[in-house]
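Hi,

Here is the structure I said I would pass on. Have a look, and my notes are underneath.

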Amino acid sequence: MELVCDLCGREWKMERETWRCSCGAPLRWNLLMGFDRQAIEAKDWSLWRYKAALKLPQNSKPISLGEGMTPLIPTPDKRGWLKLEFLNPTGSFKDRGASVLVTGLKAWGISEVVEDSSGNAGVALTAYSKTAEIRCRIFVPQGASEGKIAALKRFGAEIVFCSTRKEAAEKVMEAVSAGIYYASHTWHPLYLQGTKTVAYELAEQMDWELDDSWSVFIPVGNGDLLLGIRLGFQELMASKVIKSQPRLIGVQAFACAPIYAAAYNLTLPLNKTIAEGVAVTNPPRINQIISSVRETDGDIVAVSEPSILNAVDELAGLGLWVEPTGAIAWAAWIQLGKPSKSILLLTGAGWKALKP
Ligand SMILES: [Zn+2]
């Protein structure tokens, strides 16, 4: 079957309602799509060049704003490579997940969606829903950055302000019970079909030479980027496009690091962090994230608040304006002594952290 529940083992086909298992746990992709280099639509400079390798509902027509195919540039010392994900259309990698998810929702005939997000995922979903003429309501907890709220308003989101993340999640479930579709970046399997294209792009941009001598540093909160990249690399290996899987290094802010704590059997307080995009206290896919990292001989790393601020400054010194969450891969790379053959994902744009 295409999807499997890690908790109860039940298997599912990808259909309109399978955004999670009936037992309430998240689903994992069991299906590995074949990847054929000859099938790349080379003239399409977006992630849709890989359409043949994306699992989509029948009769899907891409809802696209030109997402993906972000630059990969070397660091000045040539020890690392920077993937400029903040250059996606709405300023974050979430455009990949939103483009593919909304494409699927449109094919299923869905006309109204809800989502709970304090930031980039909500902004991306709003923009792609608008393009697809799908009504979109975002439940936003207090404390979301003003720059992101300004972007939501600019793209025409219907915003419902809530006092906490918990309240936002509860209100979303009320809407879902009333029959509105939950277009969740945290839960929906189609989202990972979008984020997996980072793995494809990295392989193509590295001339198909990626292997386990490389490490990929990935900010991790809900894990929608890390798990997508893991899926993409698994598919490339199964299709013998790459020989071995690069190591995945998941990066958290130490101030709010539940995945790091679980991986190392620590009890840590969950506090506020300036890396708000990864400040997820209870990620539903935590076990999938930890096992994915371990299976690649990777690691979970946690970085301090001063090191995040320093990373933002150092990247700005290179001409790259990223938000604090988007800089934590750099902070982790410095913390580990700048190992060579490292790829760092710079996930969100600096203007997202601006006050309007
Ligand atoms: Zn289950």
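Below is what turned up, mostly on charged pairs, plus one patch on the surface.

Keep in mind that this is a predicted model. The structure holds 18 salt bridges, and three of the pairs are worth walking through.

Start with Arg28 and Asp6: their closest N and O atoms are 2.8 Å apart. Arg28 sits in strand β3 (residues 27–29) and Asp6 in the loop between β1 (3–5) and β2 (11–12), so this salt bridge ties together parts 22 residues apart in sequence. Arg28 is partly exposed at 33% relative accessible area, and Asp6 is partly exposed too, at 42%.

Next, Lys148 meets Glu276 in a salt bridge at 2.7 Å, N to O. That one links distant parts of the chain, 128 residues apart: Lys148 is in helix α3 (residues 146–154), Glu276 in the loop between α8 (258–263) and α9 (286–295). Lys148 is buried, with a relative accessible area of 2%.

Then there is Glu235 with Lys196, 3.0 Å between the closest N and O atoms. Glu235 belongs to helix α7 (residues 224–238) and Lys196 to the loop between α5 (189–195) and α6 (197–205), so parts 39 residues apart in sequence are tied together. Glu235 is buried at 0% relative accessible area, and Lys196 counts as buried at 0% as well. Elsewhere, Lys83, Glu85, Arg96 and Glu201 are joined into one network by salt bridges that share partners.

On the nonpolar side, Trp321, Trp351 and Leu354 form a surface patch with about 320 Å² of accessible area together. Trp351 lies in the segment after β13 (342–346) and is partly exposed, at 34%.

Cheers

Key
Residues are numbered from 1 along each chain as its sequence is written. This is a predicted model: local features need pLDDT of at least 70, side-chain atom pairs count only at pLDDT 80 or more; totals for chains, interfaces and linings use all residues. Side-chain values use heavy atoms; hydrogens and water are left out. Patches are made of residues with over 30% relative accessible area and no salt bridge: like charges are joined within 9 Å, nonpolar side chains (Val, Leu, Ile, Met, Phe, Trp, Tyr) within 5 Å. Accessible areas come from the Shrake-Rupley method with a 1.4 Å probe; for residues, only the protein chains shown count as cover. A salt bridge is a side-chain nitrogen of Lys or Arg within 4 Å of a carboxyl oxygen of Asp or Glu. Helices (H or I, at least four residues) and strands (E, at least two) are DSSP runs, numbered from the N terminus. Buried means under 20% relative accessible area, exposed over 50%, partly exposed in between (1.4 Å probe, protein chains only).
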